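Colleague: Could you take me through one part of this model, chain by chain element first and then side chain by side chain? I'd like a close look at a single chain rather than a tour of everything.

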Amino acid sequence: MLDALLHAKMIFLSIVFESFPFILLGALFSSLVLVLIPQDFFRRWLPGSPWLSLLPAVFLSALFPICECAIIPVIRSLVRKGMPLAAGAVFLVAAPVLNPVVAASTLFAFGLNPDVLILRLALSAVAALLVGSVVCLLRDKLEADFPRELPVDHGHAPKSLKQAKTWHEIARHTISEFFTVGCYFIFGAMIASLFQTFLHQAVLLEIGSAPWSSTVVMMILAYLLSLCSAADAFVAASFGAAFTLPSLLAFLVFGPMLDLKNTAMLAGCFPARFVAVFIVSGSLAVFFLVMGLHFLGVQ
Amino acid sequence: MTNVKRRSSNAQAGRERGRNALFFGLIQVLLLLGLAGLQAGLLLSGDSQLYQAPRMRPFMIFSTAAFLLMGLYGLRTLLAPAAEISADCGCGHAHTPSFQAKIAIVVLFGLVLSTGFFLPHQVLDSRVAEKKGIALSRLPATGVFGPERELRLLPEDHLFFQESMPWDSAQAVDLGPTETGLDEEQARLREELGIWYDRELHRELSEDLLARQTLRITDEDFLDSMLIISAYLDDFVGRHVDFCGFVFHDGTMAENELAVARIAVTCCLADASVYGLLVRAPDLPLPPNDAWVRVQGRIQKTRFIEEDIPLILADSLEVIPAPEQPYVYPRLYSRYVLEPAAK
């Protein structure tokens with residue numbers, strides 16, 4: 001037992017050390033957004049209806065080379081600055097997958113076979129649009145939960161980078177953001193390491209190999225293992241033989257969007273109602289998209 | 001009079017708030033410097049390799065430096081609370097977290113520091129194989145789209161996959177060479193290895209291994225050699241082999257069989273997976289799980305759910321001390337990251 005706990009501690013610290021650099025970068029970007037983006041930026045540049053922001057958000061998320069740990073504080077800052085919540089939801093689903101590092105590792109892990117990569121990117125983009133649409137439909141309720149005092153009356157006007165004061169503000173925000181987000185992250189990593197140590201994967205795999213059950217199994221596994229989106233393709237590849245491609249895609253699309261560690265971070269950064277809508281619509285979107293692939297006969 | 005009183009109590013509350021902010025600021029500085037110290041210690045002692053693949057090291061150096069800078073910056077704001085850098089930026093809302101959030105921060109970051117500083121390191125062992133299964137021959141690959149690239153399902157490499165899911169041999173389609181200039185086995189290797197495949201390296205290693213009657217497999221070459229032996233299995237049958245790993249034995253193996261395995265780490269220990277060679281030792285006493293052994297024996301092949309996998313007939317099993325570097329890494333990375341450092 002003691003041995004098992006030490007084992008869990010090794011995995012816990014390993015996840016923590018691996019993710020800290022990216023959480024730091026996320027905290028830094030989010031502070032830059034808070035301090036430097038002018039208050040009326042989104043009102044000026046975004047289309048009037050939030051529906052029109054969904055598609056641009058998918059393309060923009062491909063430009064952000066940012067992974068799942070870093071994205072959450074950044075999106076919170078952007079939403080505080082007035083970005084529609086629906087666009088934020090699109091980023092949360094798509095950005096961790098649509099980026100060059102993840103694309104490269106997916107390509108390599110599956111033997112330079114582009115099919116997996118193409119399907120992974122396409123499914124993530126579609127899932128992001130679906131989740132964004134749900135948030136859009138419910139926007140009246142969800143937006144009301146979100147504290148947006150910042151863009152309206154907060155004193156954080158656009159700052160000049162030449163002033164020392166701006167840099168102090170960025171530094172202070174980065175430190176406080178790191179502690180807030182890091183705190184939730186550490187909690188998530190702790191739970192994930194316990195599952196890594198004590199969960200017999202064979203138990204999960206015994207649930208079944210029918211299309212729907214293997215899809216559910218892969219989504220649960222992705223959620224519990226809490227892998228980083230740059231490394232999960234290698235783990236998925238090692239399952240290859242036991243699962244059909246759509247089930248592996250469930251693992252590859254669902255894991256980056258939702259897992260133990262980032263659920264903890266989401267819960268810390270966003271209102272409960274939004275988190276609930278995000279989790280439910282995200283899980284259903286991935287499940288039905290993957291079932292669609294099964295149905296089309298993709299193997 | 002009351003007015004004055006209220007003002008003075010306000011000032012007192014303000015001072016109280018200031019003291020609290022100062023105290024929490026001090027705690028944050030200690031946590032940041034603690035994290036920097038912990039990570040720097042791991043990096044300097046080389047123990048960071050027990051937690052991460054070497055390719056993540058630059059990122060850890062970055063975060064260590066960032067923690068140090070942030071800690072020093074926090075210290076400076078505590079010692080010299082000049083107007084422009086003081087905790088109150090005059091924007092009228094709280095930048096400091098609530099009391100409960102402060103407790104959570106202290107407890108959770110404290111957990112990282114205390115487990116990091118005070119608990120011993122432990123190398124991951126056969127527990128990983130128990131929970132995640134073990135690959136005994138090679139990485140499977142999947143493919144879709146197009147008639148020329150046929151779907152190929154390999155037999156389940158993970159032991160427990162075989163028990164729960166029978167493999168349908170009718171679905172297996174052999175792939176021919178997909179690239180001219182590569183012979184069939186190399187093409188298969190490339191298909192199967194993905195990132196693990198490096199044309200020059202695997203060619204060289206294949207030729208090198210094929211030219212020898214006795215294969216001595218080093219730690220660095222463990223994964224690649226194992227995969228090459230699987231790919232050219234017929235050529236290797238009967239040759240002598242000499243390699244090290246830890247013992248893993250589970251209920252699905254015969255009485256006199258064991259796997260001698262290594263743990264492969266891509267980024268961090270969460271993605272650790274176990275690769276091993278099946279060893280049969282008819283007349284030798286079997287060491288317990290997690291004992292490190294050096295195996296000398298001859299390569300045979302055995303049928304393992306419709307697939308030939310290598311089986312090592314052991315002539316000797318020698319218990320050895322655990323190696324300095326317990327994990328193995330995908331070669332493509334180790335080639336760039338480990339070798340320049342080793343020179």
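How many helices and strands does the secondary structure of chain B come to? And which salt bridges are worth a look there?

Modeller: Quick housekeeping first. This is a predicted model, so local features need pLDDT of at least 70 and side-chain atom pairs count only at pLDDT 80 or more, while totals for chains, interfaces and linings use all residues. Residues are numbered from 1 along each chain as its sequence is written, chains are lettered from A and ligands numbered from 1 in the order written, and side-chain values use heavy atoms, with hydrogens and water left out.

Now chain B. Its secondary structure comes to 10 helices and 8 strands (DSSP runs numbered from the N terminus: H or I with at least four residues for a helix, E with at least two for a strand). The chain has 343 residues, and 50% of them count as buried (under 20% relative accessible area; exposed is over 50%, partly exposed is in between, with a 1.4 Å probe and protein chains only). It exposes about 16300 Å², with carbon and sulfur atoms supplying 56% of that (Shrake-Rupley areas, 1.4 Å probe; for residues, only the protein chains shown count as cover). As for contacts (heavy atoms within 4.5 Å), take those in chain B between residues at least 6 apart in sequence: 67% of them join residues at least 24 apart.

One helix to zoom in on is α3 of chain B, residues 99-118. Its 20 residues reach 27 Å from first C-alpha to last, close to the 28 Å expected at 1.5 Å a residue (that is, 1.5 Å times one less than the number of residues). The buried residues of this helix are B:K102, B:I105, B:L108, B:F109, B:V112, B:L113, B:T115 and B:G116. As background, an α-helix has 3.6 residues a turn, so residues three or four places apart point the same way.

On to salt bridges (a Lys or Arg side-chain nitrogen within 4 Å of an Asp or Glu carboxyl oxygen). The whole structure has 8 over all chains. In chain B, B:D234 pairs with B:K301 at 2.6 Å, N to O. Because B:D234 sits in helix α9 (residues 233-236) and B:K301 in strand β6 (residues 292-304), this pair ties together parts 67 residues apart in sequence. B:D234 is exposed at 56% relative accessible area, and B:K301 is partly exposed at 37%.

Strand β6 turns up again with B:R294, whose closest N and O atoms to B:D242 are 2.7 Å apart in another salt bridge. B:D242 belongs to strand β3 (residues 240-248) and B:R294 to β6, so here the linked parts are 52 residues apart in sequence. B:R294 is partly exposed at 26%, whereas B:D242 is buried at 4%. There's a third member too: shared salt-bridge partners join B:R216, B:D242 and B:R294 into one network.

If you want a pair from chain A to set beside these, try A:R120 and A:D232, with closest N and O atoms 3.0 Å apart. That one links helix α7 (residues 114-137) to helix α13 (residues 232-239), 112 residues apart in the chain. A:R120 is buried at 0% relative accessibility, and A:D232 is buried as well, at 3%.
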